[in-house]
Amino acid sequence: MQRLRERFAYDDPDKQLVAAIAAQVIEQRLARDLSQKELADLCATSQPAIARLESGTRPPRIDTLQ
């Protein structure tokens, strides 16, 4: 988890929020032993959408979070 925190260390509050969401998604996906593809199937989205969400580089879509 420390590597995740370092990877998502931003000064911008908006980027911090996106990074926090990304870190939580990663943590919960791994805790449930799911691949990105499996999570995507459960969320009715695509594996690339999960990868983008987990990258923390841009805000996730609200419908993906729901």
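1. By residue class, the lining of the largest pocket contains seven nonpolar, four polar and three charged residues, where Ala, Val, Leu, Ile, Met, Phe, Trp, Tyr, Cys and Pro count as nonpolar, Asp, Glu, Lys and Arg as charged, and the others, Gly among them, as polar. The model is a predicted one, in which local features need pLDDT of at least 70 and side-chain atom pairs count only at pLDDT 80 or more, while totals for chains, interfaces and linings use all residues. Residues are numbered from 1 along each chain as its sequence is written, and side-chain values use heavy atoms, with hydrogens and water left out.

2. The volume of this largest pocket is about 250 Å³, and of the 14 residues that line it, Val 25, Leu 39, Cys 43, Thr 64 and Leu 65 lie nearest its centre. A pocket here is an open set of points on a 1 Å grid over the protein atoms alone, where a 1.4 Å probe fits and protein lies on both sides within 12 Å along at least five of seven lines; lining residues have an atom within 4 Å of a point. Grid points are joined across faces, edges and corners, and the volume is the space filled by probe spheres set on the points. At least two lining residues come from each of helix H2 (13-31), helix H4 (47-55) and helix H5 (62-65), with H2 giving the largest share, four residues.

3. The second largest pocket has a volume of about 170 Å³, and its lining is made up of Thr 45, Ala 49, Arg 52, Leu 53, Arg 58, Pro 59, Pro 60, Arg 61 and Thr 64. H4 provides the largest share of that lining, three residues, and by class the lining holds four nonpolar, two polar and three charged residues.

4. On the overall fold, the chain has five helices and zero strands, so that the order of elements from the N terminus reads α-α-α-α-α; helices (H or I, at least four residues) and strands (E, at least two) are DSSP runs, numbered from the N terminus. Of the 66 residues in the chain, 32% are buried, a term that means under 20% relative accessible area, as against exposed at over 50% and partly exposed in between (1.4 Å probe, protein chains only). The accessible surface comes to about 4900 Å², with 51% of it belonging to carbon and sulfur atoms, as given by the Shrake-Rupley method with a 1.4 Å probe, where for residues only the protein chains shown count as cover. Among contacts (heavy atoms within 4.5 Å) between residues at least 6 apart in sequence, 44% join residues at least 24 apart.

5. The largest nonpolar core consists of six residues, namely Val 25, Leu 34, Leu 39, Ala 40, Ile 50 and Leu 53, and the elements that give two or more residues to this core are helix H3 (36-42) and H4. Such a core is a set of buried Ala, Val, Leu, Ile, Met, Phe, Trp, Tyr and Cys residues joined through side-chain atoms within 4.5 Å. Within H4, the buried residues include Ala 49, Ile 50, Leu 53, Glu 54 and Ser 55.

6. Two members of this core can be followed through their contacts, leaving aside neighbours within four places in sequence. Val 25, placed in helix H2, counts as buried at 18% relative accessibility, and is in contact with Leu 39, Leu 53 and Glu 54. The C-alpha atoms of Val 25 and Leu 39 are 9.7 Å apart, with their positions 14 residues apart in sequence numbering. Ala 40, for its part, is in contact with Thr 45, Ser 46, Gln 47 and Ile 50.

7. Several backbone angles deserve a check. Most residues other than glycine have a negative phi. Asp 33, however, has a positive phi near 55°; it sits in the loop between H2 and H3 and is exposed, with a relative accessible area of 69%. Ala 44, likewise not a glycine, has a positive phi of about 55°, and this residue is found in the loop between H3 and H4, where it counts as exposed at 75% relative accessibility.

8. Gly 56, just after H4, takes a positive phi of about 70°. Its C-alpha atom is separated by 9.1 Å from that of Leu 17, although the two residues are 39 apart along the chain. Leu 17 lies in helix H2 and is exposed, with a relative accessible area of 54%.
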